Amino acid sequence: MAEFDNMLRSLPVAYRTDKWVCDLLGCIAVLDEKQRESALETVEQLFPDTMTWILETEERIAGLEGNAALTLEERRTALQARWRAAGKCDVELIQRVCDSWKNGEISVGFAEGVILLTFVGAYGVPEAAELAALQDAVEHTIPCHLAVSYLYRYLLVREVDGMTLDELQGHTMHDFAF
């Protein structure tokens, strides 16, 4: 208890050995430590990446009720996407929403009246729950008259042709398009 020692050293020498004063300082130090822990925990609730007990309230305010089946990380990601979705809908706004997705490697484009979301990171289709959360966030961001097209990246035969055996072993069957 460093705080106890600091408080004790700040007292006059005559009080430092008094049992009643030492007991009082011990009680104060315990309360001080609890308040510091509580303050640090409260600060964590201000940032979406560390939210815990305030997350449910923030979800309710953002209109994201019913996310209890999702993991804590997925709930945080959905909340960040909803927060970023505020404002005029354009490619940059949709890109910010997609960037809040935990995999976040999506390129947003617009062609012939269709919003194109291209997964430029990992190969294959993302997990269903993660993809559903992204789709929900995008649907709440874009105007309802615009279509959305999701484009996935696969490892093609022409790309495999130039790979070494070590490079191929780094991929799973999920990465290949048939």
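Contact means heavy atoms within 4.5 Å. Helices (H or I, at least four residues) and strands (E, at least two) are DSSP runs, numbered from the N terminus. Axes are lines fitted to C-alpha atoms, for helices over the stretch in contact, with angles from 0 to 180 degrees between N-to-C directions. The model is predicted: local features need pLDDT of at least 70, side-chain atom pairs count only at pLDDT 80 or more, and totals for chains, interfaces and linings use all residues. Residues are numbered from 1 along each chain as its sequence is written, and side-chain values use heavy atoms, leaving out hydrogens and water.

**View A. Helices 5 and 6 lie across strands of the sheet.** Helix 5 (residues 91-99) lies across strand 1 and strand 2. Its direction is at about 155° to strand 1. Helix 6 (residues 128-139) lies across strand 1, strand 2 and strand 3. Helix 6 runs at about 150° to strand 3.

**View B. Three strands form an open sheet with mixed pairing.** The order is 1-2-3. Strand 1 (106-111) and strand 3 (147-151) are the edge strands, each pairing on one side only. Twist averages 20° from one strand to the next. Two strands pair if DSSP finds at least two bridges between them. Six bridges join strand 1 to strand 2 (residues 114-119), and these two run antiparallel. Gly 109 has Leu 116 in strand 2 as its bridge partner.

**View C. Glu 59 and Arg 75 meet in a salt bridge.** A salt bridge is a side-chain nitrogen of Lys or Arg within 4 Å of a carboxyl oxygen of Asp or Glu. The N to O distance here is 2.8 Å. Glu 59 sits in helix 3 (residues 55-62) and Arg 75 in helix 4 (residues 72-84), so the pair ties together parts 16 residues apart in sequence. Buried means under 20% relative accessible area, exposed over 50%, partly exposed in between (1.4 Å probe, protein chains only). Glu 59 is buried at 5%. Arg 75 is buried at 17%.

**View D. Lys 19 and Asp 23 form a salt bridge in helix 2.** Their closest N and O atoms are 3.0 Å apart. The two are four residues apart, about one helical turn. Lys 19 is exposed, at 60% relative accessible area. Asp 23 is partly exposed, at 41%.

**View E. Asp 32 and Arg 36 form a salt bridge.** The closest N and O atoms are 2.8 Å apart. Both residues lie in helix 2, four residues apart. Arg 36 is partly exposed, at 40% relative accessibility.
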